[in-house]
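Trainee: Could you take me through one part of this model up close? I'd like to look at a place where two helices from separate chains meet.

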Amino acid sequence: MKSVMMANGKALEEERGMATTRILLMVLCGSIFAAVVGAPILATHAHPLAAAFLYLMFSPVCHQIPDRCFSFSGQAWAVCHRCSGIYLGMFLALLTPFTAAGFLRSAWETRVWVLVLAAPMLIDVAAPHLGWWVSTPLSRFAAGMAFGALISSLLLPGISELLDHGSPKHPRLGAAPLQGEIE
Amino acid sequence: MNREGMLKPALIGGVLVGVLSSVPFVGTLNCFCCAWVIAGGMLSAYLLVKESLFAVTLGRGVALGLLTGAIGAVVDTLFSIPIQMLLSRAGINVLDQLRTAADQLPSLPPEVREMFRSIPAGGLGLSLMLLIAAGLLKLVIYSLVAMIGGALGVALFEKRRPGEPSATPTAYPPPPPQALSGP
């Protein structure tokens, strides 16, 4: 009875830790996406310095070619279609109640999960160079979203474990048991 | 710092990230979702998985990525200093490069472009200050992005379950067979 209560308490603590990490990541990803969309809004509303700061912040991580960016009132977003998809995908994946740790049971399943969600972006990058097809804003954005969802699904249990909020319940993605716990 | 053998893989991955990111032209690949930084994080994770006696968890992958990114940013900044000194001897200082970068940023508002042009040329102090500011920005970006690489690397390369030892431990080779003592 005591061990069941302890196990329930530990599971509750783990869930709380995961929820805290989820909220932290949601705030981070939401802020990044808001900054991406906010840059052109600031530029068109007479705040050029603030807009320039945001454009410069994102310049090391994205090419920012205007033809490859969504635009607001003729002003390009701070990152390209693909990067916008990644940031939005990361944010939206965090809104879903489940995590990868909840349904991936083995190393094989995890690898398939990574490859399936990364494949659209890899194909969308490689196929135009090979002359197989021409990527569109929608394909770049959608492929980026899939990759963003993958990133969130891995970062959530990883950061949760790192912050020592409790390990995920999943045997593959969770923390290694201590020597005394191995039966 | 060398928690559970993380320092060596992080150093290898971090130095690779720093060197490749600081080399002119080669470093521009970072404009595509920080490709070098993600690759460096994945390389570190691969090395850790290969060296570790027990299964590497996502949390350790994330921590390793964080360390790799931080080392990468420091190496990148340190490599940039001699490169900038060579360029300044050729008459190109950091401010000139910043102006060129501002001219090449397509989304930057024209008022800000003018503002960059109107900044008077400074000496070595201003160049060093700009390099340090860029280094701090890189420290944040590289650490965050390399975390993604570390998590992806663990998800792709780790085949064992948590707590499961390696089938063929690489860190500690088996002891040599003892010589048989005859009667």
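Mentor: Here's a walk through one helix pair, followed by a helix in one of the partners and some notes on confidence. Keep in mind that this is a predicted model. Two packed helices are described by the angle between their axes and the distance between the axes. For helix 6 of chain A (residues 137-162) and helix 3 of chain B (residues 58-89), the axes come within 7 Å and cross at roughly 85°. Angles of 65 to 115 degrees count as roughly perpendicular, so helix 6 of chain A and helix 3 of chain B fall in that class. On the chain A side, the contact uses A:Leu154, A:Leu155, A:Pro157, A:Gly158, A:Ile159, A:Glu161 and A:Leu162. Helix 3 of chain B brings B:Leu58, B:Gly59, B:Gly61, B:Val62 and B:Ala63. Sorted by class, that contact has eight nonpolar, three polar and one charged residues.

Over in chain B, helix 1 (residues 7-22) passes a quick geometry check: at 1.5 Å a residue, its 16 residues should span 22 Å, and the end C-alpha atoms are indeed 22 Å apart. Its buried residues include B:Pro9, B:Ala10, B:Gly13, B:Gly14 and B:Val17.

Now for confidence in chain A: the mean pLDDT is 81, with 78% of residues at 70 or more. Among the chain's elements, helix 3 of chain A (residues 81-95) has the highest mean, 93, and helix 4 of chain A (residues 100-103) the lowest, 62. Residues 165-172 of chain A have pLDDT below 50, though the model gives this stretch 36 contacts beyond near neighbours in sequence. Residues 174-183 of chain A also stay under 50, with 20 contacts beyond four places in sequence.

How values were computed. Residues numbered from 1 in each chain as written. Chains lettered and ligands numbered in written order. Predicted model: local features only at pLDDT ≥ 70, side-chain atom pairs only at ≥ 80, totals over all residues. Axes fitted to C-alpha atoms, helices over the stretch in contact; angles between N-to-C directions. Helix = DSSP H or I, 4+ residues; strand = E, 2+ residues; numbered from the N terminus. Parallel < 35°, antiparallel > 145°, perpendicular 65-115°, else oblique. Contact = placed C-beta atoms within 7 Å. Nonpolar A, V, L, I, M, F, W, Y, C, P; charged D, E, K, R; others polar. Expected span 1.5 Å × (residues − 1). Buried ≥ 20, exposed ≤ 12 C-beta atoms within 10 Å, placed from the backbone. pLDDT = per-residue confidence, 0-100.
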